[in-house]
Structures are given as structure tokens and as C-alpha cells.
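Please open the structure in your viewer and keep the sequence panel beside it, so that each selection below can be followed in turn.

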Amino acid sequence: MAASKNGRDNLRAYRVATTNRGSVYYKVVTFDGGYRGWIYGGKSTSKFAGGVASYDTTKTATAPSSSAVYTLKSSAVSSTANKAFYAQPAWAQYKVGRAKVNGATLTSTSAYKDTQFTFSAAVTNREGDTFYKIATAPGATDLVGQWVAASAVTSPSEFNASTQVKINIATVHGNVVDSFNYAPKNVTSSEGTAVDLSGDSDLSSEATQAATKAGYTLSTTDNINKAALKAATIGGTVTLYATKSDQVTMNTKVFIASADPTQQPTVANTTTDTSVDSAAKAANLITLPSNTTFAPFTGALDAAYTSADALAYLNGNATLKTLYSPKFQDTNASGTKTWYEYVYTPSSATPSTFTKGGTLNAVYTATKTATTAPSTSTSTNTSTGALENKAAKDTPAGTSTGSAPVVTAPTAGTPAH
């Protein structure tokens, strides 16, 4: 174990005992739990001796420039696994493993597909694997301070002419709309070596995704692009041509998070009422905003958007970043009747793709807030179920569908009704 290059063989000492002869023993366990028992530790509890020695599980490494921006490699993006993010570098601490978000172990990375990271530190573990400490992650601040495997990220600005090909995505007029560096698999040759990428499915997938993200449609099998990929060389640049994608707009379907975390969010209804006669009737009810003409959620047809993208849109929209229930009266802590309303703010959104007639599914958190009395009194309690997008079928996983009211983003200048 002393000569091992495997972090699983690190030991944690968690108990100490001294025999009647003054010998010190430590109760230890390997980081993978494979071995557990007592080991001789010398004659003093103030320092390790005998069969154990203190050991730094990581060593400081050179971190990227603090201004260098990195993103996840396509191979590290998964909806079912997380092999990228860690609470601490792998095997650095006993029973500290994958990153946690909102207290739960992260089990997928697809929500961070387009997140841009910068780093503040770097270390290597016993295996020699390098990990970067995340300094910034716009739209994904829950990962700041945690660690990512260096092998899982790439920087578009760093080009290795000995192993990579630079791929430009350009319009038919030659304007470059995106670019990335691609390392062909199983290529050990040096700069200038010819490499045929026309049949490389990983390259095709990455190029298509890059084009779609930029709002364009690209085919790597058309004659011009296929010829360019056939003529690729290590250290060279390949330009692939794309055409502008159709732009589509999405409505927003609102779900209200339950106070009980074990319960699924409930689809919200909308109403024109400004007040109701009880808190129960106000729950999960949204008074239609007075300003219903606002910028819709827009993107290229079939382009993917992340939860962070959707939340950025909602929080950047003056109407959708805060919604309100009808007002209601309730007794406060002093026993006095007070007017309240539920204030709804976005807390999460379902990642998906831009589709015609689709909806952005967003979960809002409700906060009971004291307010002023309504200027007019209404208590019909009739939900309008208004502005329903009848083509929308999506709901967050496990969410009861019920009715499907949405807050829509009408065409500019057209009042909602």
C-alpha cells in the first residue's frame, strides 16, 4: 500500500489506543473500505510512527490562468452520470466524493453543458489525475468552490498543434459563428499529418451541436464539408459551412414548488381576480400580470437549452421574474387580520430543446408576504386557465399534468387576452 499509485489505498486513522506496555495502535480503514483494522503506530500519540505515516493525498499543481475560460468536453456531458464534478478531488478525503448541489449528490452533468468555468487552484491526486477548483461558473454558482477533473474540461482558446485540428463553423458568407479544437481519436502523429475526419462521428456530433447552439444548421456529409474534413491535417484549420436555423419562441408554463420537499411541484392556474377569501384559495393561483407583452424565450429550432439558460431568461424578464397570487386576509402572529399574497420567484427549470409550439417548464417558489389591501374587492375564485398552449405536452418529471395554463409571451405589440 505504501508503494501504491491508487487513491483507494489511502488510509484514514479514526481511533487510537495505547496498550498497558505503552504501544500505540491506530484503527484505520482504506478509502475504498476494503481493509479495516488496527495497525502499530509507535510509542506516542503525538505523531505517527511504526506502520503508519502522515500523507498528503494531493499535491499542488499549476492552475490555468484565472482569466482562461473552460467548458465541459462533450464526452463529459451526460444525463445519467457525473464523472466530472467532485466535492473534493477524487480520493482526497475519506467518504467525500462527487459534487453536491442543494444537498444532493450530482448524478448528471447535462445541465452544465454550456457553462463557462474559471479556476483558482489545481492539484493532483495519488493516481496523478489533475483537478481544478472552480472559481466562477455563471448560471451555476452551486458549483463554485467544488472541483472538476481536468480531463473533463477544455478551453477553446488553447490549441495544441501537435494533437488537434481547429474547427470553424462559418456562414455561407464566411463569417465564423463558432469554433472549437478537436483531438482526433487514436492519432499519435505530429503536426502536419493528414487525418481524414469525414467519417468521425464524434467530430460530426460536436460540430452539429456547436452550429445549433449558434443558431445554425450544419451537415458534415454535404460535398463541401465532407471534402474539407477529408483534407484535414493535425495542427491545421477546417472550415465547415452552416445555414441559418429557423427561430422559434416558447411560452412559459409555471409550476409551484411544494413546501414539502417530498411532493412534486403543482401546476399553477391563472386568474383575473385581485383577491380571494382564504390562503388556501390563493395557493398555486397566479394573478395575470398587468404587463403581458414581453420578450419571449427564443432560440434556434431544435437547439438545446440548459436549466441555467432558462433561469437567466426568467430572472432577466421584468414580468416573469416575480409573479403574485391574489391577495387574501389571514391572522398574523399578533392575532391581527392582515392582508397577504404569495410572491412567486423562479427556482428551477427543465432543460430541453426549442420546439415549435413548445413551452419552457419552470418551477417557482412561493413566499407568503404581507401586503396592502386590494384597491378593488373580488372573490369569484374562478381560474381562467388562461393563455393555454394546447400544443404543449411537457411536464417536469414526476409532475402531475392537470390543466396546462401558461404565461405566454405574445408577439410584440399584441395585447394578451
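**The whole chain**

Begin with the full surface displayed: the accessible surface of the chain comes to about 21500 Å², and carbon and sulfur atoms hold 49% of it; the areas come from the Shrake-Rupley method with a 1.4 Å probe, and for residues only the protein chains shown count as cover. This is a predicted model, in which local features need pLDDT of at least 70 and side-chain atom pairs count only at pLDDT 80 or more, while totals for chains, interfaces and linings use all residues. Residues are numbered from 1 along each chain as its sequence is written, and side-chain values use heavy atoms, with hydrogens and water left out.

Switch to a cartoon, and the secondary structure comes to four helices and 29 strands, where helices (H or I, at least four residues) and strands (E, at least two) are DSSP runs numbered from the N terminus. Of the 417 residues in the chain, 39% are buried; buried means under 20% relative accessible area, exposed means over 50%, and partly exposed lies in between (1.4 Å probe, protein chains only). Among the contacts with a separation of 6 or more, 61% are between residues 24 or more positions apart, a contact being heavy atoms within 4.5 Å.

**First selection: β1, β2 and β3**

Select residues 11-18, 24-30 and 36-40. Three strands form an open sheet here, in the order β1-β2-β3 and with antiparallel pairing; two strands pair if DSSP finds at least two bridges between them. The edge strands, each pairing on one side only, are β1 (11-18) and β3 (36-40). From one strand to the next the twist averages 30°, with axes taken as lines fitted to C-alpha atoms (for helices over the stretch in contact) and angles running from 0 to 180 degrees between N-to-C directions.

Between β1 and β2 (residues 24-30) there are seven bridges, in the antiparallel sense, and one position to label is Ala13, whose bridge partner in β2 is Val28.

Stay with β1 and show the side chain of Leu11, which lies in this strand and is partly exposed, at a relative accessible area of 37%. Adding Met1 and Tyr35 to Leu11 completes a nonpolar surface patch of about 320 Å²; patches are made of residues with over 30% relative accessible area and no salt bridge, like charges being joined within 9 Å and nonpolar side chains (Val, Leu, Ile, Met, Phe, Trp, Tyr) within 5 Å.

**Second selection: β13, β14, β16 and α1**

Move on to another open sheet of three strands, which has the order β14-β13-β16 and mixed pairing. Its edge strands, each pairing on one side only, are β14 and β16 (237-241), and the twist averages 20° from one strand to the next.

Zoom in on β13 (residues 165-170) and β14 (residues 176-182), which run antiparallel and are joined by six bridges; Ile167 stands opposite Phe180 in β14. Five residues lie between the strands of this hairpin, and Gly174 takes a positive phi near 90°.

Now bring in α1, which lies across β13, β14 and β16 and runs at about 150° to β14. Which residue forms a salt bridge with Lys185? Asp202 does, with the closest N and O atoms 3.7 Å apart; a salt bridge is a side-chain nitrogen of Lys or Arg within 4 Å of a carboxyl oxygen of Asp or Glu. The pair links distant parts of the chain, 17 residues apart, with Lys185 in the loop between β14 and α1 (201-213) and Asp202 in helix α1. Lys185 is partly exposed, at 48% relative accessible area, and Asp202 is also partly exposed, at 39%.

**Third selection: further salt bridges**

The structure holds five salt bridges. Select Lys113 and Asp114, whose closest N and O atoms are 3.1 Å apart; Lys113 is partly exposed at 25%, and Asp114 is partly exposed at 21%. Then select Asp277 and Lys281, a salt bridge with its closest N and O atoms 3.2 Å apart, in which Asp277 is partly exposed at 48% and Lys281 is partly exposed at 41%.

**Last selection: β25 and β26**

Finish at β25 (residues 328-331) and β26 (residues 337-349), which pair in the antiparallel sense over four bridges. Label Phe328 and its bridge partner in β26, Tyr340, then follow the five residues between the strands of this hairpin, where Gly335 takes a positive phi near 85°.
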